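Work through the exercises below with the sequence and coordinates at hand. Each task is followed by a solution in steps.

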Amino acid sequence: MIRQWRVAMGLAISRAMWRNETGSGKAGGRGLAGLARLKGLAGTDGPGGGEGLTRRRLLVAGGLGLGLAVGWTAWPREYPLNIPLGPGELLFNAYVRIAEDGRVIVAMPQAETGQGAWTGLAQIVADELGADWRTIAVEPAPIHPLFANQRFIADLAAEVGRAPAGLADDFARRAAIMVTAGSTSVRMFEVPMRLAAAAARAQLCAAAAARLGVEADQCDTRGGFVVAGDRRLRFGALAADAAGFEPPAEPVLRLTSDNRLAGRALPRLDSPAKLDGSANFAADVRLPGMVFAALRQPPLGGGRLIGVDLAAADAVPGVVAVVQTPGWVAAVATTGWAAIRAVDAMRPRFRIDGPLADDRAIGAALADALAEGGTALVRRGDPDTALAAGVTLSADYQVAPSLRAPVEPVAATAHFSGGRLSLWLATTAPEAARQAVAAALDLDPRAVIIHPMPVGGATGRGMEADAAIQAAKLSARLKRPVQLQWGRGEDLLHDPCRPAARARLVARVEGGRIAGWRAAVAVPDYGRAVAAPLLAGHGVAAALVAGGPDRFAIAGSDPPYQIGNVEIRHHAAPAPYPIGYLRGGAHGYGCFFTESFVDELARAAGMDPSTFRMAMLGQSPRLARCLATAATLAGWQGGAAGTGQGLACHSAFGSHVAVIAEARVEGRRVRIDRLSAVVDAGRIINPDIARQQVEGALLFGMAQALGASASFSGGRMTAQRLSDLGLPRLADTPEISIEILDSEEDPGGISELAVPPLRRRLQTPCSRRPDAAIGLFQSERKVHEAD
C-alpha cells in the first residue's frame, strides 16, 4: 500500500504535465446527477440535473479516451478526457484506471489538505469496485468539467447570487470550477465516483464471464478478483479485455452488505509518505536551473513601491536579480536564504494611498454599519409583535478578524518556456488559479498547466492565487524556473481573514421557550469575497454575485431551534483588510452569536441551558439526539457556577453536532480540561478519518478562540510569527471524547462541523468577563421592558 501510494504521488508530480484544457479552452457541459440517495439504483436529481448516468456523460468508450460528450445549452460539444496513462494502464472512465499489474488508480477531484479526502473518496471507489485496498493508488484529477464541485458553487450561489435556480451548478460544470471547501468532498462526489466504480465493475464482470463461459450476472468482485463460483480472475489479468467492453448505460450499485470497505477504518493513503518525509509539497519542488525568490508587499491600505536600496541587495552573495513592480518587490537568488537576506537588506519603501487597517477603525465601521437599517434576509412569523408583547433581553457581541495561519507558508514554483507556463502550487481551486494567472500574464488559459500539490493544512488559503501570479511574472521576466515562498510575516499580513463581525440580538422568552428573536449582524459581504477568486475570468458569473443580498455572511445566525417569530438582518460593513474563506465559514461567528445569546436567555429564564434548548428541538430530532448524548457523555451538571461546563449545538453542512467543554481561567488565560462532542454526519465512509476531522475541528476552533485573531495597527498585522498568536500547543490539548452516531442518512460534511460550537463554547465565559485575556470580542447585556 505504501509503495502504491508513492507510485501515484510520483506520477502526480513527475508525469502530471497535463493539458489542463477542455476542447476550446472554456470548460462546458452538464454533468452527473448530484447527491442521489444511495438506496439501490442511482440517477435521482441533484446538482447538475437529474439525467442519471449515461455513457455520453461519464464513460469513455472502450477505454480508448475517445472523449466525453456533454451538452452545452442546445448543442453538444466534445471535451476529450485529459487523463494521462502510464505503462500498462487502462482507462475505464474519468475516475478509474486499472493497470495490468493489478493497481487501481483513482483520479481525485478534491485537494488533499490533511482532511483525508483522498482516502475517503478512494475508499468509496474501492468499496463499489470490490478492489483490494492494498492496490489502490491516487492522483490529482486534471482540470475538467467532470470534476467540478457543483455542490459548493450551487450552495454559494444560492446565498450570494441572483441567478435562476439550477444555473449555478450548470455554470460550475461548464467552467470546470474545481474547489475543495465547505465540507463537500463526499457530499458532492460519492455518487459519481460510486457510479464510475460500478460501471468498471460491470466491465470486469463482462470480461470474466466471456473468459469463463458464464453469464455476467453470475460474476461478482471481491478483494481485487472477479469471482464466479469457486473460480476467480485478477483485475489486472482482465483489465485489457474489460476496457474494451461497453459500459452499462445505468450502472447498478451494490446492494449487499458483505465484504464492504465503506464504513471501515482503513489506513490513510497519505500518512506513510508524510510520516517518512517523502511526500512533496510546493516548496519541495526542484527544477533544473531554478532560482529562489522572496518578496515584500506594502501594508494593508493600497500602497505602491517608491524605493529600494539596490546596492544593499546586490551585496548579498548569490543574488541574481531584483524585480520591482508597483505592488511588490522581489529579490531572486540562488538560494532561498540569500533571497530572504536580500529583500531584508533592500529595505523597501511604500507609499500608502488608502486608509490603513486599524483595530479601532474596524470596530467603528462595524458600529456604524449596525446603526444603519440593514437588509432582512430571514423573516418568519411576526417578530415585531412577538418582541413587543413583553420583557425582552438584548446583547451585543463582537469578534475580531480570524486568521487561517496555516502551517505551510505560501509557496509557488513557476516555469515559463515556449509560450507555456507550468505552475506547481498548493491550491484548492486549480481552475480559478489557472484563470487568474492567465489573465495576469495575458495568456490563453490553455497555455497554463497546473500541477496541484498536497496542501499543508490550508484551512481556506489554497483558494487564492496571488503567489502563483507573482511567481509566474518572475519566471516570465527572468526566463527560468522560479520558486517563490512568502515569509511567515508576509503570510500573516496578507492572509485573507474571516472578517470581523458585530451582532445585536434581541429576544423574548415565554413559557420556557423563545417567543421572538431578532438578530442584526454587521459584517462585510463575506460570500462575495469568497466567490471572487473562484470566478476569475468569468465576467457574467461575477456580475451575478456583484449585488443583492449576501446570505453567506449570516450563516449560523439563524437559530436551529423551533422559534415561530424570527428576523435576521445583514448590515454590510467595509473591510480594510483582505477577506477569504476560513474553515467553518460564517458559521464560526454566527454560531457564537446565536448560542451565546441562547445561554443568556436560559440563564434569565432560570433554566438549565441543555433543557432550555431541548424544549425547542422537537423538529430537529437528529440535533436533539446529539445534545442528549453529549450531556450523558460529558456528565453534564447543568452548567452551574463552579462546574466550568458550557455547551453549544449546531447544524451545518448537512450534519449536526453538540459540544460540551470544561474550562477554567488561569490568570489571564483560559485552560480547557475536557471536550466532549457528539456528531451525526449521516453514513460514515471511514470512522477513523471522521473522528480525526472532529478532533481537528475542535482544536482548530480552540485555536480560533484562544489566539488566531488578527490585530491591526497602522496597516500592519501586530503578529509577525506564529508564536505571536498565542496558539494552543500540545501541552494545552485537553482530553477529548467523541461519539459519532450511527445513521443511515446521506453523508453530511464533517471537516468544518465542530469549529463553530467549540469557538462559541470557549468564548462564552469571557462574554461575562470583558477584562479577560482573550480579548477577541466584547459583549454587553440589557433587559428591556415592553412598551
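**Exercise 1.** Is the crossing of α12 and α13 left-handed or right-handed? Give also the angle between these helices and the residues that make their contact.

Solution. The model is a predicted one.

Step 1. Helix α12 covers residues 430-441 and helix α13 residues 466-478; their axes lie 9 Å apart, and the packing angle is about 40°.

Step 2. Angles under 35 degrees would count as roughly parallel, and 65 to 115 as roughly perpendicular. α12 and α13 are therefore oblique to each other.

Step 3. The crossing of α12 and α13 is right-handed.

Step 4. From α12, the residues A436, V437, A440 and L441 take part in the contact; from α13, A468, I469, A472, K473 and A476 do. Sorted by type, the contact of α12 with α13 has eight nonpolar residues, no polar ones and one charged.

**Exercise 2.** Which residues of α3 and α15 meet, and at what angle do the two helices cross?

Solution.

Step 1. The axes of α3 (residues 150-160) and α15 (residues 526-534) come within 10 Å, with a crossing angle of roughly 135°. Only an angle over 145 would count as roughly antiparallel, and α3 is oblique to α15.

Step 2. α3 passes α15 in a left-handed crossing.

Step 3. On the α3 side the residues are F152, I153, L156 and V160; they meet G527, R528, V530, A531 and L534 of α15. The contact of α3 with α15 divides into seven nonpolar residues, one polar and one charged.

**Exercise 3.** In what order do the strands of the four-stranded open sheet stand, and which helix packs on this sheet?

Solution.

Step 1. The order is β3-β4-β5-β6, with mixed pairing. β3 (89-91) and β6 (136-140) are the edge strands, each paired on one side only. On average, neighbouring strands are turned by 30° against each other, direction ignored.

Step 2. Helix α2 (residues 117-129) packs on the sheet and touches β4, β5 and β6; the direction of α2 makes about 130° with that of β5.

Step 3. Within the sheet, β4 (residues 96-99) and β5 (residues 104-108) run antiparallel and are joined by three bridges. R97 stands opposite I105 of β5.

**Exercise 4.** Which residue forms a salt bridge with E128, and where in the chain does that partner lie?

Solution.

Step 1. The partner is R260, and the closest N and O atoms are 3.9 Å apart. The cut-off is 4 Å.

Step 2. R260 sits in the loop between α6 (235-243) and α7 (271-276), while E128 belongs to helix α2; the two residues are 132 residues apart.

Step 3. Over the whole structure, a search finds 50 salt bridges.

**Exercise 5.** In which sense does β20 pair with β10, and in which with β17?

Solution.

Step 1. β10 (residues 291-296) and β20 (residues 482-485) pair in the parallel sense over three bridges. F292 has Q483 as its bridge partner in β20.

Step 2. β17 (residues 411-417) runs antiparallel to β20, and four bridges join them. The partner of A414 in β20 is V482.

**Exercise 6.** Which strands stand at the edges of the sheet β7-β8-β9?

Solution.

Step 1. The three strands form an open sheet with antiparallel pairing. β7 (220-222) and β9 (231-234) each have a single partner strand, so one side of each has no neighbour in the sheet.

Step 2. The twist from one strand to the next averages 35°.

Step 3. Four bridges join β8 (residues 225-228) to β9, and A228 stands opposite R231 in β9.

Terms used. Residues numbered from 1 in each chain as written. Predicted model: local features only at pLDDT ≥ 70, side-chain atom pairs only at ≥ 80, totals over all residues. Heavy atoms only, no water. Pairing = 2+ DSSP bridges. Axes fitted to C-alpha atoms, helices over the stretch in contact; angles between N-to-C directions. Contact = heavy atoms within 4.5 Å. Left-handed = near helix turned anticlockwise from the far one by under 90°. Nonpolar A, V, L, I, M, F, W, Y, C, P; charged D, E, K, R; others polar. Salt bridge = Lys/Arg side-chain N within 4 Å of Asp/Glu carboxyl O.
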